[in-house]
Number of protein chains: 2
Amino acid sequence: MKKLKRSARLVEMTQYLLSRPHTLIPLTTFADRYGAAKSSISEDLVIIKEVFEEEGIGDLLTLAGAAGGVKYIPKMPKEQALVFANDLCSQLQQKDRILPGGYLYMSDLLGQPSLMNEAGKIFATAFSGKDIDVVMTVETKGIPLAYATGAQLNLPVVLVRRDHQVTEGSAVSINYVSGSHKSIHTMSLSRRALKEKSRVLIVDDFMKAGGTIQGMVDLLAEFDAEVAGVGVLVESGAVESEERLLHDYVSLATLTAVDPKTKEIFVSPGNYFDPS
Amino acid sequence: MKKLKRSARLVEMTQYLLSRPHTLIPLTTFADRYGAAKSSISEDLVIIKEVFEEEGIGDLLTLAGAAGGVKYIPKMPKEQALVFANDLCSQLQQKDRILPGGYLYMSDLLGQPSLMNEAGKIFATAFSGKDIDVVMTVETKGIPLAYATGAQLNLPVVLVRRDHQVTEGSAVSINYVSGSHKSIHTMSLSRRALKEKSRVLIVDDFMKAGGTIQGMVDLLAEFDAEVAGVGVLVESGAVESEERLLHDYVSLATLTAVDPKTKEIFVSPGNYFDPS
């Protein structure tokens, strides 16, 4: 690659780092790439680090030594995440979302890649300190959220199916009780999808009593894998706490009440924003 | 916002543009944001544009006039896309992918967000000249690819379900014949998911004879919507051309043969790379 001026180098390094979150990049990679001295690269990184931190883009970790380099850790500051959550809440409160049975139509919101990517960045921030090998979700509606989270954490996504599919090879199936209906369902995971002892971040779009997520937790036990965390976009707060199967999770919004008569919907920011 | 030096401004503008593809940003937005003169912003954009174009990141379109501004169009050069396709082919040729019935295990590849994002960028490049309102796929495995494409094109994603779901409201269902098995299936789309006259880019992970995609095309007719394009990650080339239901599509890889005895798999770059 031809030598770049500092100004051009800053643009290129910024995009290089942004497109490789949670990836250690040796300084020599940049030095070779731009035909620049390591000292110049270090100066560039100081500038980028300052902007990333001041603008709430994320951290730039510098690791010294022979195995050293720089790593971009996407992080969204809590105030910025709260702006996102408040906006999500006001969108969820639109009256025309109520469906027969008191269900809430959310597919238009889940269908916005930019919204999913922001939520994924918040989960990546919430779980950035955890040791995680893989992000898991069950089909269908949690998939974009799981991928957005996986992209920000630079982790693969494992997809639990509702039925056993011919394209998945041999699989482990379990039955689980969906808490809100007390009905029995099946979910299955391909044997080769998950290594033993994996540490798994579970992500889903909606949680009521937590039966579906508890199903994934039970499935993980079959793989001798561990739960590293649970993140849900929206939780239903209208669940008696003794009915709730799961207590340790992060939610971005809480659906507190739906009134099918007046069509009023009440949503507030989730437990991620609780004063700790 | 406090005034930034040019070097910091370049970093911030680069990340701002990269996170808002296909979005028109008035120069005044940047001028206000950084307390800088429009002329300085214009100079910054020249630097960014040069790097984006030389490094194959994408185009930076500048629109003059009162309604003017700048727009980042993600594009991957064909040579770079071919490197991606060749890598995909060699991964798909790994012998242990063959499942009973001659199916190919692809979930590990589809589970890599970074790989999906690259494929999405290639589709965004392939269809960048088309007038598209929405990206559509049918559950399950094409979903990450559809979102990656939607993110790069700044378009919403519409998800066709295999069954009618209570969380989708009223829906239109159709039956379709899956070409490879000649079996009849159902797919359905929520009435409120798609506006009439929408121009739709259909994306899926795999296409054999094209029955599933033809089903989506038929479903679009029910919504008085139009097909703006079809993109598939992998097509099966082992289909007689009179059996193929669909002829106008873009594929990134072609599965030419699977030998269940020797476990050999032959994959080559898709029709996107055909000499035109």
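Turn chain A by 180° with 0.0 Å of shift along the rotation axis and it superposes on chain B, with an RMSD of 0.0 Å. That is the relation of a two-fold axis. The two copies also share a surface: 100% of the contact residues of chain A recur in chain B.

Keep in mind that this is a predicted model. The predictor gives the complex an ipTM of 0.97 and a pTM of 0.97. For chain A, the mean pLDDT is 94, and 98% of the residues reach 70 or more.

**How the helices cross**

Two packed helices are described by the angle between their axes and the distance between the axes. Here are three pairs to look for in the viewer.

| Helix pair | Axes come within | Crossing angle |
|---|---|---|
| H1(A) and H3(A) | 10 Å | roughly 60° |
| H1(A) and H3(B) | 9 Å | roughly 60° |
| H6(B) and H7(B) | 8 Å | roughly 55° |

Let's start with a pair inside chain A: helix H1 (residues 6-18) and helix H3 (residues 38-54), whose axes cross at roughly 60°. That angle makes H1(A) oblique to H3(A), and their crossing is right-handed. From H1(A), the contact is made by A:Arg6, A:Arg9, A:Leu10, A:Met13, A:Thr14, A:Leu17 and A:Leu18. H3(A) answers with a list that includes A:Ser40, A:Glu43, A:Asp44, A:Ile48 and A:Phe52. Sort the residues of this contact by class and you get nine nonpolar, two polar and four charged.

H1(A) also meets a helix of the other chain: its axis and that of helix H3 (residues 38-54) of chain B come within 9 Å. With the axes crossing at roughly 60°, H1(A) and H3(B) are therefore oblique to each other. H1(A) passes H3(B) in a right-handed crossing. Which residues make this contact? On H1(A) they are A:Ser7, A:Ala8, A:Val11 and A:Glu12, and on H3(B) they are B:Ile47, B:Ile48, B:Val51 and B:Phe52. By class, that comes to six nonpolar, one polar and one charged.

The remaining pair sits within chain B, where helix H6 (residues 113-126) and helix H7 (residues 143-153) have axes that cross at roughly 55°. That makes H6(B) oblique to H7(B), and H6(B) passes H7(B) in a right-handed crossing. Among the H6(B) residues in the contact are B:Met116, B:Gly120, B:Lys121 and B:Phe123. H7(B) brings B:Pro144, B:Leu145, B:Ala148, B:Thr149, B:Gln152 and B:Leu153. This contact has eight nonpolar, four polar and one charged residues.

**Backbone oddities in the loops**

Most residues other than glycine have a negative phi, and most peptide bonds are trans. A few spots here are worth a look with that in mind.

Where is A:Thr140 found? In chain A, it belongs to the loop between strand E3 (134-138) and helix H7 (143-153). The peptide bond that leads into A:Thr140 from A:Glu139 is cis, with omega near 15°. Over in chain B, the bond from B:Glu139 to B:Thr140 is cis too, with omega near 15°. B:Thr140 lies in the loop between strand E3 (134-138) and H7 of chain B.

Then there's A:Lys197, which is not a glycine but has a positive phi of about 70°. To find A:Lys197, go to the loop between strand E6 (183-190) and strand E7 (199-207) of chain A.

Note on methods. Residues numbered from 1 in each chain as written. Chains lettered and ligands numbered in written order. Predicted model: local features only at pLDDT ≥ 70, side-chain atom pairs only at ≥ 80, totals over all residues. Heavy atoms only, no water. Axes fitted to C-alpha atoms, helices over the stretch in contact; angles between N-to-C directions. Helix = DSSP H or I, 4+ residues; strand = E, 2+ residues; numbered from the N terminus. Parallel < 35°, antiparallel > 145°, perpendicular 65-115°, else oblique. Left-handed = near helix turned anticlockwise from the far one by under 90°. Contact = heavy atoms within 4.5 Å. Nonpolar A, V, L, I, M, F, W, Y, C, P; charged D, E, K, R; others polar. pLDDT = per-residue confidence, 0-100. Least-squares fit on C-alpha atoms with pLDDT ≥ 70 in both.
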